[in-house]
Structures are given as structure tokens and as C-alpha cells.
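Open the model in your viewer and keep the selection box handy. This tour goes stop by stop, telling you what to select and what you will find there.

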Amino acid sequence: MKRILMFIPIVLGTVGLMIGCNGGGAKKAAPAITGGNSPADAAYVAPGEQDEYYAFISGGFSGQLAIHGLPSGRLFRVVPVYSVDAEKAYGFNEETKPMLNTSHGFIPWDDAHHPELSQTNGEVDGKWCFINGNNTPRVARIDLSIFETTEICELPNSAGNHSSPFTTENTEYIVAGTRFAVPVPQKDMPINIAKGNFKGSLSFIKANEPGNMKVAFQVLMPGFDYDLAHSGKGKSHGWTFFTTYNTEEAYTLKEVNSSQNDKDFIAAINWKLAEKYLAEGKGKEVPGRYAHNYYDEETHTATSEMIETVTVLDPADCPGMVYFMPCPKSPHGIDVDPTGSYIVGAGKLSADLTVHSFDKMIAAIEAKAFDGDAYGIPILQFDAVNAGTVSSGGLGPLHTEFDGKGNAYTSFFISSEVVKWKLESWEVVDRVPCYYSIGHLMIPGGDSKKPWAKYLVALNKITKDRYLPTGPELCQSAQLFDISGEKMKLLLDFPTVGEPHYAQGAHADVIKPMSKKIFSLEENKHPYVCKTEKDARVERDGKDVHIYMTMIRSHFAPDNIEGVKVGDRVYFHVTNLEQDWDTPHGVSMLGAQTSELLIMPGQTETFIWEPKAEGVWPFYCTDFCSALHQEMQGYVRVSAAGSNTELKWSLGD
Amino acid sequence: MLKQIPRLCMLLTIPLTLQLFFFPLWQITLEAPQYPEGITMYIWINKITGSSEFTLQNINILNHYIGMKYIEPDSIPELTYFPYVIGFLVFLEIIAVIIRNKWFYLGIGALVFAMACLGLYDFYLWEYDYGHNLDPNAPIKVPGMVYQPPLIGSKMLLNFNAISLPATGGYLFLLGNVFGFLSFVTYPLKKRK
């Protein structure tokens, strides 16, 4: 027996030791660079470490969305949304061209202002980021598993989509309010009879179902200018608030003529009631032509459909659906606190902030505490809805976000500062200058029910002397503040892409786990996919030549093609066969009047080449893919039009 | 109760052998700076899998630069007949539990041990074949370099650290063999005349 008892521990010990060999190493802590207490340490993310937050910063007139990390400010990716992008072939390859289609044709640019993350129960869920296109009114969906634009919906009866795309609590809708009043439907008429004849549309776009992001309904409003919006949350869920300016309905020299009224309005839309009226058949289907573009991740291809009509609700037919709340001096931002109780209007030509109470608003509606009406829409008495005024001491409040601990932070454009104040006591508790002229500001989750109140990002309009000059056009910039303590602390200046209007942020844990590494080749349903090298081929169909090409480290199949003729239209349908993380390949053809393709593992993309001259022309891989990347290249022989060169293709003979 | 120990040990060898259908026998991990997560290939009695669905394809892509043959499970006959060998071992172990014979017990222990040694030798031969039998036209040729992974332990192969170790199934199988021998060792001495 003794023998046995000795034997067992030895065996088990050995096995344990061997299993123990497989353990991983411990993670090292980030070293401080200046001793631990400077702002540099707070914003420092050591090499190899990752940021704590994602920031989604609008690219403004670049039409893009920039993805940064916080607190480092490092730029990770620029997502083209309303702009063509030669780097990613967005808008250049055949698959994504339909994304930029509109009722006015292909438009390769727009002005992207406000990113908005999708929410579930009023909290950021990290599924999608939406962003508006201001010029040719559009909204877009960026899928945050792939960080690519996957859906764009144009807006009919709208002009200048500024108050957009703010979401409702469960991403039931994103909204879009027109910045310009225009004839609805559009028609030829004199401009100087705008007053009373132009209209403003507020669109509610279905957003929680990819592939079906279309206008659910529009509320046809008086012809004011609609500036920004935010939806209610918690108790105020079911309402969306829009700021208006130019309630004067001026049509010229607006800087003066639309700044005359002491008070403009916050429009409160009861969209749950709107849904009820729609169900009762109160909606009217009117002409309204708009494009709906959807990128299918399985076919790797976008399609564009044109929709001809839109359902419109007229407030006159829908009592109780719309109310106006007075707000001083052309309000810009309209922000709802995390509890859904307070609605903060930022009168941009004023020194003060106006805070209305949702509870008081409901009570005022019940008590019919009206102060007349505008085009039949009841105007609630200012005192009946007002909860308080923040006397800021600054000038030009634009936008407010919240920390979820009873504090609000408002940007002041004219006095170039962030002001921190307390909800309910309305007292100002701190202020910091911005360099220079802050527009919007952003706290990750700061317009949701659950802010992550550690950092605040100021999105500035002017840079001047903050960076090395780059000629007359200077870099765009944001600033990072620590808001974890009583006092705000400036940590970092960092450059951004285009003009950063608004931004959104979320903790990395909400987004990172959903990030895809590859596309499944097996599930690739592209009509011209080629899944194995032995299926690689060239087919002629009249003057169209279709190349079914594959790419894998480190060759194309086929890499020699003959029988192409001058005057042909050659389609390169290229599939990346790789199924490993971070193994894209690129491809470009000498003389092709388009961009390169940058193709992710498992993806198929197409470009067209129309050879103009006989010869032997090269193509090559543009993304450094491997030690033999430089060898990843091929030839196409181009013969004279009408020649008899046989169509053939090969790899390695 | 003590009398039952040998038989219990033999009984334990059955699940410890059968588990090979559910756990991999061996694992080879490749580590390189560009592969922070490592690439691990698992060798089962009937298949080869990886830490991801596409591990084998990705290893083959890397291996082609040095001219190593593609690792194709279909071309490895062992993966077809190993399950039968294991099935046969389980059959013998069941017989052993039924007939309760000390020498049969020893025979099982020895046979399983021999099988394990043979299996290791076979594994070594495959490693040798993959490591030495290289395409003379390979893009990367380092004079004198062979790419045979270690039988057990780790070894630098160019930029990759190759680590070869038993996997869960392998350890459990080894434990089964220990119990096989224990069933012999614990067999009551007094029965011997």
C-alpha cells in the first residue's frame, strides 16, 4: 500500500506542473512619464496600452466621422460617410457607389455635423453611430462592428438637415429637422413671400432595424428654422424637443432679421401620440422623393432605392401632438438631463441658459396655460414651464451635457469657455477657458441616461496659435478636460479631422467586444465572389470582361491575363481569401480611372478599368501584406481592338 | 473495500481513454510579435483544429514561405485509424474490468504505454517530415535551417517560438495509463503463491 500512496502525488504533481506551463504573462502597468501628477500623465496611454474610451468626432465639412481614443486623443480611423475616400475605395468601387446616391444623383460630399450613438433603455449600447448630412439632407448609420457606413437615408421636404440625428431612448427613431424653411412640396415661387408659405419638416426615421432606415413620418411645422434636437428619456420618453430660430420667418439678411424676437421656441413633439394618430389614419401620403441606400454585409454590396412618397402629419389635424415653449434668443442646443426632468435651452445670443421642466410642461398642457398660438400650435406660458435660469456670466451658450451626478456642463462660444453648473440650484460652480471658441462639447454618454463622467471634450471652432502653422488653413482641434473632481482640468489639445461639430463617446467595453476581425468567406454572397484559386477565371461578355480574381499572401490568381482589348470594359472582381486578423490586401491597375481597392479578409470588391492603349500593363497589391508583398503583382496584356488574341489567364503557368 | 482498488483503477482507465474523442491529444503553439494572441494548433485522434476556425489555413499560409507542405488532415491516415485503435483499447479495458486478471491488467498498462510511445514516435516522424521535406523553390530559404518543431518543449524557428505540449486529452490519457499500471501494482500480493 505504501508504494501506491507515494506514487499518486508524484503523478498528479507532474501533471499539474505541465498544465501550469501554459499560463500567460501578467500585464504591466502604464509607467508615468513625468512623475505622476501632471496633466500629461492623465492623458498618457503607454505604448501597447489601449484607451479607456472611444470618441466619435464629426468630420464636419469633410463628410467623415473620426474615431479617436480617450484620454490619449489618438486617431484610429476615419470613416467616410458622405465623402468619397480613395484610401478605402468608398464611393469609388462599384459596391459602395450606390451609398452616395440621392434624388439629385450621386453626391460625393456632405457636411456631417452630429454623431449620435444608438441607445437601449436610454443607455449607449454601442451598436451603431448615426450622423447627419446637412447640405443634401441625409442621415447615415455606421455599424460599429465594422466601423463602416452601412445605410444612408435622404430626407424629403427638408433643406439643411441640422437638428439631427438625435435618438430616442431605444433607438426607435432618429430625428431630422429642417434648418431652412422651404416650399413643401418644392415649387417655383418668389422668395419674398416666404413668410407663411414656407414650411418646416420634422422627420422621424425608423432606426432600430438595419436595412429599413426610412422616414416613418414627418410633422409639417411652421416655416421656422429648426436647429438642434434631443429626445426625452425616462419620464419624458415619448417626446422629442427641437429648438427653433428665425421665428421671424425672415428670408434675407438673417443675421439681423432673424435675431429680432426676444424669444423663439422649443418645439415639443409627442411622438408616441403621433404614432397613435398615424394608426388612426391621420397621416397623409404626399409626394416626397428620396433615396434609401443600404450596404448588405453578406453581399458586400450597396443598393439604392428611390422612394416617392412620405407620410406627413399636420399639427392642425393632431391636437396635443405639438406645443411650443418660449426660449430666449435663437436657442441652439436643446438638452435633456439624465433623469429626463429638465430641458435645457441654450439661447446662443444670450448670457443665460433657460431650463424648462418636463413636469411643469405636462401640468401647463393640462391646465391649458397657453400664451396664444403660432399657426395654430399652442404656445405654453414661459413661467408655467420654466424651472430656472442659469445666470452664467458668459456669453453665447451653445450646448449642454451632463455627468449624471447633478452637474451640467455648457459650452459658451462667444466667451470661449465651459461652464459647470448645478441642476436644480442653477448655480455656476466652475468655469474653464477654451482655445478657442468652443462649439459643442461631449462627455461620453453625456446625452444619455448613464454618462461616464470622467472626461469632457471641447470641440473648438478656431485654433490660431495652438499648433505649428500650416499655411492659412490651420488644423482643427479638440481639447480634453478631466471632470472627475470639483474643478475641471485641461489635460490635452489634440487635432481632429475636418471641423469637429459634435461628438459622442462610450467606454471601450461597450464597443470593443463587438468589433469584427474578418468577414466570413464562406458567408460571402457577392454575385462575383471567387472563393478558391481554382475558380479564378476571366469571362468575356461582349465588350465587358469580368475577372474573378483572388488574393492571398502573396499572389493574385490569375496574375497573367491575355486577350483584353482596347475599348473593353474590364471588371476586376477581387476576393480576399484570407481569414486571418489584420490581413487586408489592396489592388490597383495602372491607368484605371478610379481609386485602389482595399479589401478586408473574406470580402469582395470591384473596380472597372477601361484600357486605352495596347501593351502589357501591371497591377499590384497596395497594402503591405507580407514579406513578399512587393512580389504580389501581375500583368494584363492589352491587344488592339478587333485583334484575335485568345482570352486566357494563368498563375505560375 | 481495499480489494476493489485494482478493479476501480482499471475502471477509471475507460473514461480516461474514451475522453480522447472529446479532448485534443496534443497542441503546438506558435508565438511571434505579430501574433500577440499566439496561434495554437490542436491535434486530436481524428482531426486537427485550431484556436480559431481558420488556424490551419493561417498556419499553412505562413508555412508556404519556407516551403513546408500544407498540413492537410485528409492526407494524414493516422487521423482515420486512431479512433479505431482507441476504441480497441477501450474494448480491452472493459474486458479487463470484467475478467479481473492481474496479468491482463499489466498487459493493458504495457500496451497503452507502448501505444503512447509509438504515437509519440509517429508524431516525431511527421514533425521530421514537415520540418525537413521542404519545397526547394520556397521563397525563404535559410541555409542549414530545418523547421521541425520540438517533440515536447519550445524552440525558435525563425521568428516563431514553437511550443509543443500535450493537450488536455493527452494529460488525461497519461493519467489513464498511470491508473492502468496502478491496477496491476495494487493487485493483492497474497494472491501470489
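**Stop 1: a buried aspartate**

Select A:Asp264 and A:Thr247 in this predicted model: their side chains make a polar contact at 2.6 Å. Now add A:Ser330, whose backbone nitrogen lies 2.8 Å from a polar atom of the A:Asp264 side chain. Colour strand S16 of chain A, residues 263–270, and you will see that A:Asp264 belongs to this strand.

Is A:Asp264 buried or exposed? With a relative accessibility of 0%, A:Asp264 counts as buried, because the cut-off for buried is under 20%. Show its surroundings next. Beyond its neighbours within four places in sequence, A:Asp264 touches residues including A:Tyr245, A:Asn246, A:Glu248, A:Met325, A:Cys327 and A:Lys329. For a sense of scale, draw a distance from its C-alpha atom to that of A:Trp452: the two are 33 Å apart in space and 188 residues apart along the chain.

**Stop 2: backbone angles off the usual track**

Stay with A:Lys329, one of the contacts of A:Asp264. A:Lys329 sits in the loop between strand S19 (322–328) and strand S20 (331–336) of chain A. Its phi is positive, about 55 degrees, although A:Lys329 is not a glycine. Most residues other than glycine have a negative phi, and most peptide bonds are trans. At 22% relative accessibility, A:Lys329 counts as partly exposed.

Jump to A:Tyr375, in the loop between strand S23 (370–374) and strand S24 (377–380) of chain A. Here phi is also positive, about 50 degrees, and the residue is not a glycine. A:Tyr375 is partly exposed, with a relative accessible area of 48%.

Where are the cis peptide bonds to look at here? Select A:Leu70 and A:Pro71 to find one, with omega near 15 degrees; A:Pro71 is in the loop between strand S2 (64–70) and strand S3 (75–80) of chain A. Another joins A:Tyr435 and A:Tyr436, with omega about -10 degrees. A:Tyr436 is in the loop between strand S29 (428–433) and strand S30 (438–442) of chain A.

**Stop 3: salt bridges**

Side chains of opposite charge can pair when their charged atoms come close. How many salt bridges does the structure hold over all chains? There are 27, and a few are worth a click.

- Select A:Glu308 and A:Arg289: their closest N and O atoms are 2.5 Å apart. The pair links strand S18 (residues 301–313), which holds A:Glu308, to strand S17 (residues 284–296), which holds A:Arg289; the two are 19 residues apart. A:Glu308 is partly exposed at 44%, and A:Arg289 is partly exposed at 43%.
- Select A:Arg466 and A:Asp493, with closest N and O atoms 2.9 Å apart. A:Arg466 lies in the loop between strands S31 and S32 of chain A and A:Asp493 in strand S33, so the salt bridge ties together parts 27 residues apart in sequence.
- Select A:Arg540 and A:Asp568, where the closest N and O atoms are 2.6 Å apart. A:Arg540 is in strand S35, A:Asp568 is in the loop between S38 and S39, and 28 residues separate them. A:Arg540 is partly exposed at 32% relative accessibility, whereas A:Asp568 is buried at 2%.
- Select A:Asp85, A:Glu87 and A:Lys88, which are linked in a network of salt bridges.

**Stop 4: a six-stranded sheet**

Switch to cartoon view and find the open sheet of chain A with the strand order S41-S40-S43-S44-S38-S45 and mixed pairing. S41 (597–599) and S45 (648–650) are the edge strands, each with a single partner, so one side of each has no neighbour in the sheet. From one strand to the next, the twist averages 25 degrees.

Zoom in on S38 (residues 560–565) and S44 (residues 633–639) of chain A, which pair in the parallel sense over four bridges. A:Val564 stands opposite A:Val638 in S44(A).

**Stop 5: a helix in chain B**

Finish with helix H3 of chain B, residues 78–99. Its 22 residues should span 32 Å at 1.5 Å a residue, and the end C-alpha atoms are 31 Å apart, which agrees. Its buried residues, among them B:Leu79, B:Ile86, B:Leu89 and B:Val97, pack against helices H1, H4 and H5 and strand S3 of chain B. Just after H3(B) comes B:Arg100, with a positive phi near 50 degrees.

Terms used: Residues are numbered from 1 along each chain as its sequence is written. Chains are lettered from A and ligands numbered from 1 in the order in which they are written. This is a predicted model: local features need pLDDT of at least 70, side-chain atom pairs count only at pLDDT 80 or more; totals for chains, interfaces and linings use all residues. Side-chain values use heavy atoms; hydrogens and water are left out. Buried means under 20% relative accessible area, exposed over 50%, partly exposed in between (1.4 Å probe, protein chains only). Contact means heavy atoms within 4.5 Å. A polar contact is a pair of N or O atoms within 3.5 Å; within protein, one must be able to donate a hydrogen and the other to accept it, and residues adjacent in sequence count only if both atoms are side-chain atoms. The expected span of a helix is 1.5 Å times one less than its number of residues. Two strands pair if DSSP finds at least two bridges between them. Axes are lines fitted to C-alpha atoms, for helices over the stretch in contact, and angles run from 0 to 180 degrees between N-to-C directions. A salt bridge is a side-chain nitrogen of Lys or Arg within 4 Å of a carboxyl oxygen of Asp or Glu.
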